Amino acid sequence: MATNLFTYRNAFKANQLQDYLAGERKFLALYNHLGSAGTIVNCPGVLRSINSASSEFQRILRRSLREALFMDIYLEGYGVRILGNFDRTDVIIADTRKQLDVLEAEIAKFGLHMLRK
């Protein structure tokens, strides 16, 4: 069952943490997959490559998803930048619509959705 609570804190308070964590696992799996072709992290203010399988990258993702410290990552294999945001609404910055099309297809594979303007 999916929770309507998008924040870790609210899910914890409402005793829906298991539902929240199920959704969080989808995002972690997605970002690990997308980052496997190379990831650059800007944390905090220092650009550096990071292994998407590392515990440090997992910590960056979790802190962002739980709204403690938002991520700023560049996915080299996709040529897009992702900025963490509130309520699981991360911002994707791309140069072309084609990059967004490719990313949207990858996102769908993980049971997640991308809103486009």
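Four exercises with worked solutions follow.

The model is predicted, so local features need pLDDT of at least 70 and side-chain atom pairs pLDDT 80 or more, while totals for chains, interfaces and linings use all residues. Residues are numbered from 1 along each chain as its sequence is written, and side-chain values use heavy atoms, without hydrogens and water.

**Exercise 1. Place G84 and list its contacts outside its sequence neighbourhood.**

Solution.
- Start with the elements: helices (H or I, at least four residues) and strands (E, at least two) are DSSP runs, numbered from the N terminus.
- G84 sits in the loop between β4 (80–83) and β5 (91–93).
- Next, accessibility: buried means under 20% relative accessible area, exposed over 50%, partly exposed in between (1.4 Å probe, protein chains only).
- G84 has 12%, so G84 is buried.
- Then contacts, meaning heavy atoms within 4.5 Å. Beyond neighbours within four places in sequence, G84 touches S64, F70, M71 and D90.

**Exercise 2. Which elements supply at least two residues each of the largest nonpolar core?**

Solution.
- A nonpolar core is a set of buried Ala, Val, Leu, Ile, Met, Phe, Trp, Tyr and Cys residues joined through side-chain atoms within 4.5 Å.
- The largest has 25 residues, and Y31, L34, M71, I73 and L75 have the most contacts inside it.
- The suppliers are α2 (17–35), α3 (55–65), β3 (72–75), β4 and α4 (97–108).
- α2 gives the most, with eight residues.
- Take L34: outside its neighbours within four places in sequence, L34 contacts L75, Y78, L103 and E106.

**Exercise 3. Work out the faces and partners of β1.**

Solution.
- In a regular strand the side chains alternate between the two faces of the sheet.
- In β1 (39–42), T39 and V41 point to one face and are buried. I40 and N42 point to the other and are not buried.
- Two strands pair if DSSP finds at least two bridges between them.
- β1 runs antiparallel to β2 (47–50), with four bridges. N42 has L47 as its bridge partner.
- Four residues separate the strands of this hairpin, and G45 in the turn has a positive phi of about 80°.
- β1 also pairs with β3, antiparallel, over three bridges. There I40 stands opposite Y74.

**Exercise 4. Which salt bridges does R116 make with D101 and E104, and what do they link?**

Solution.
- A salt bridge is a side-chain nitrogen of Lys or Arg within 4 Å of a carboxyl oxygen of Asp or Glu. The count is seven.
- R116 meets D101 at 2.8 Å, N to O. R116 lies in the segment after α4 and D101 in helix α4, so the pair ties together parts 15 residues apart in sequence.
- E104 also meets R116 at 2.8 Å, N to O. This pair links distant parts of the chain, twelve residues apart.
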